[in-house]
Amino acid sequence: MHLYSSTDSRISAYGVIAVIAVLTAIAADTISDALNIGPGWLFSAPTVAAVYGLLYRLIDATAWRWVWLHRLGFIKTPIVEGIYEGQLVSSYNNTRLPIKICIDQSWTNIAIRFEVLGTRTSSSYSIAANLSTEGHQHARLTYTYRNAVQPGIADPDMTDQEGTAEVVIDTASGDVRGRYFNSRGRKGTLTLNRQ
């Protein structure tokens with residue numbers, strides 16, 4: 001997975017995590033003083049760093065999906081992870097192909113894998129992405145990808161290529177509509193549904 005940019009400013013969430021880490025360190029220092037446990041410095045800076053790191057990891061891996069954090073406005077990043085299947089219509093001979101897109105996502109990282117079903121002549125994977133909200137239930141995912149062909153299976157004129165795709169995902173229904181273009185000069189449309 002790689003980092004992705006988002007219109008969700010994570011700065012406020014980082015600030016809240018830092019405040020919780022500092023308050024936890026103050027509480028741990030107070031308790032250690034009251035119980036006369038170890039030196040006070042042991043529960044200050046190391047505690048802040050440890051609590052911040054643990055909270056950040058928890059939010060990045062799991063907690064960012066919690067509905068109540070979204071409702072409070074603490075997290076605004078749309079959840080788009082999942083498996084989507086549908087159809088690609090290419091400008092190359094108006095070709096129609098069955099496709100699958102797999103999106104793995106955490107709060108700060110994402111990976112998008114794209115496959116043409118059936119022939120399996122090539123597969124694509126994302127190298128950079130941006131995720132933005134578009135209205136109440138829509139997310140716009142724009143990503144650049146690298147496509148690798150399968151030697152011996154793909155047509156001899158096919159070569160590895162780069163491209164860009166932009167899709168709008170209805171986060172409630174799982175419907176996806178979008179378009180792509182690649183370095184071979186081809187372009188097309190994508191229509192998919194979450195499985």
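Start by selecting Ile103: leaving aside its neighbours within four places in sequence, Ile103 is in contact (heavy atoms within 4.5 Å) with Val80, Glu81, Gly82, Tyr84, Ile110, Ala111, Ile112, Leu141 and Ile169.

A word on what you are looking at. This is a predicted model, where local features need pLDDT of at least 70 and side-chain atom pairs count only at pLDDT 80 or more, while totals for chains, interfaces and linings use all residues. Residues are numbered from 1 along each chain as its sequence is written, and side-chain values use heavy atoms, with hydrogens and water left out.

**The core around Ile103**

Keep Ile103 and add Leu141: these two have the most contacts inside the largest nonpolar core, a set of 24 residues. Such a core is made of buried Ala, Val, Leu, Ile, Met, Phe, Trp, Tyr and Cys residues joined through side-chain atoms within 4.5 Å. Buried means under 20% relative accessible area, exposed means over 50%, and partly exposed is in between (1.4 Å probe, protein chains only). Now colour the strands that give two or more residues to this core: S3 (82–90), S4 (96–105), S5 (109–116), S6 (122–133), S7 (138–149), S8 (161–170), S9 (175–182) and S10 (187–194). Strands (E, at least two residues) and helices (H or I, at least four) are DSSP runs numbered from the N terminus. Apart from this core lies another, of nine residues, including Ala13, Ile59, Ala63 and Ile75.

**A cavity**

Which residues line the largest cavity? Select Tyr84, Ile101, Ile103, Ile112, Leu141, Tyr143, Val167, Ile169, Val176 and Leu192. That lining is ten nonpolar residues, with no polar and no charged ones; Ala, Val, Leu, Ile, Met, Phe, Trp, Tyr, Cys and Pro count as nonpolar, Asp, Glu, Lys and Arg as charged, and the others, Gly among them, as polar. S4, S7 and S8 each supply at least two of the lining residues. The volume is about 40 Å³, and the structure holds one cavity of 30 Å³ or more. On a 1 Å grid over the protein atoms alone, a cavity is a set of points where a 1.4 Å probe fits but cannot get out, a pocket is an open set with protein on both sides within 12 Å along at least five of seven lines, and lining residues have an atom within 4 Å of a point. Grid points are joined across faces, edges and corners, and a volume is the space filled by probe spheres set on them.

**Salt bridges**

Next, show the charged side chains. There are five salt bridges, each a side-chain nitrogen of Lys or Arg within 4 Å of a carboxyl oxygen of Asp or Glu. Try Arg65 and Glu81, whose closest N and O atoms are 2.6 Å apart. Arg65 sits in the loop between helix H2 (45–61) and helix H3 (67–71) and Glu81 in the loop between H3 and S3, so this pair ties together parts 16 residues apart in sequence. Arg65 is partly exposed at 26% relative accessibility, and Glu81 is partly exposed at 27%.

Move on to Asp104 and Arg113, a salt bridge with its closest N and O atoms 2.7 Å apart.

Then pick Glu166 and Arg140, where the closest N and O atoms are 3.3 Å apart. Glu166 is in strand S8 and Arg140 in strand S7, 26 residues apart. Add Arg179 to the selection: salt bridges that share partners join Arg140, Glu166 and Arg179 into one network.

**Last stop: a pocket**

Finish at the second largest pocket, with a volume of about 440 Å³. Of its 15 lining residues, select His70, Lys76, Pro78, His136 and Thr171, which lie nearest its centre. The lining divides into five nonpolar, eight polar and two charged residues.
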